[in-house]
Amino acid sequence: QVLLVESGGDLVQPGGSLRLSCAASKIYFSLHAMAWYRQAPGKQRELVAAVTPGGSTNYADSVKGRFTISRDNAKNTVYLQMNSLKPDDTAVYYCNAHRKVLKNEYDYWGQGTQVTVSS
């Protein structure tokens, strides 16, 4: 059974930084696109950042220049470095692994980690 385990969520003051990690097991990690999503109370889940198997990245406009996604295929881990955090970044952050094989698409999710930005 595929397992994605997030860690690193915390309470942080505005302007602060956090680094989230997501460790994957029982998947061919290097073949999956990896992404971070977030969901704030009363809002829909939204894509924050993604990295392809080849290392290309894309970001939500709201986090460009502040967040950085990276992956370490040797450790089966994806990271999200978050700087200059704002109260609007408060949400549960979820790790996602995605792979498309022919016409089939596979998605796996972690349990989420809470990030709270508040003074």
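In the predicted model, the largest nonpolar core comprises 28 residues, among which Trp 36, Val 78, Leu 80, Met 82 and Tyr 93 touch the most other members. Two or more residues are contributed to this core by each of the strands β3, β4 (33–39), β5 (46–51), β7 (67–72), β8 (77–82), β9 and β11 (113–117). The surroundings of Tyr 93 illustrate how one of these core residues is placed: leaving aside residues up to four places away in sequence, Tyr 93 is in contact with Glu 6, Leu 20, Trp 36, Tyr 37, Arg 38, Val 48, Phe 67, Leu 80, Met 82, Gly 112, Thr 113 and Val 115. Three of the core residues named above, Trp 36, Leu 80 and Met 82, thus recur among the contacts of Tyr 93.

The structure contains one disulfide, formed between Cys 22 and Cys 95 with an S to S distance of 2.1 Å. The bond connects distant parts of the chain, since Cys 22 belongs to strand β3 (residues 18–25) and Cys 95 to strand β9 (residues 91–101), 73 residues apart. The link of Cys 22 and Cys 95 is left-handed, with -80° about the S-S bond. Cys 22 is classed as buried because its relative accessibility is 0%, which falls under the 20% cut-off, and Cys 95 is likewise buried, with a relative accessibility of 0%.

The largest pocket encloses about 160 Å³ of space. Its lining is made up of 13 residues, and those lying nearest the centre of the pocket are Arg 38, Lys 43, Glu 46, Asp 88 and Asp 89. By residue class, the lining of this pocket consists of seven charged, four polar and two nonpolar residues. Arg 38, which is one of the residues nearest the pocket centre, is also among the contacts of Tyr 93.

Backbone geometry draws attention to two loop positions. Most residues other than glycine have a negative phi. Asn 76, although not a glycine, has a positive phi of about 55°, and this residue is located in the loop between β7 and β8. A positive phi, of about 50°, is also found at Ser 84, again not a glycine, which is situated in the loop between β8 and β9. With a relative accessible area of 23%, Asn 76 is partly exposed, because this value lies between the limits of 20% for buried and 50% for exposed residues. Ser 84 is partly exposed as well, with a relative accessible area of 41%.

Methods: Residues numbered from 1 in each chain as written. Predicted model: local features only at pLDDT ≥ 70, side-chain atom pairs only at ≥ 80, totals over all residues. Heavy atoms only, no water. Disulfide = S-S within 2.5 Å. Helix = DSSP H or I, 4+ residues; strand = E, 2+ residues; numbered from the N terminus. Buried < 20%, exposed > 50% of the residue type's maximum accessible area, 1.4 Å probe, protein only. Core = buried A, V, L, I, M, F, W, Y, C linked by side-chain atoms within 4.5 Å. Contact = heavy atoms within 4.5 Å. 1 Å grid on protein atoms, 1.4 Å probe; cavity = no way out; pocket = protein on both sides within 12 Å on 5 of 7 lines; lining within 4 Å. Points joined across faces, edges and corners; volume = space filled by probe spheres on them. Nonpolar A, V, L, I, M, F, W, Y, C, P; charged D, E, K, R; others polar.
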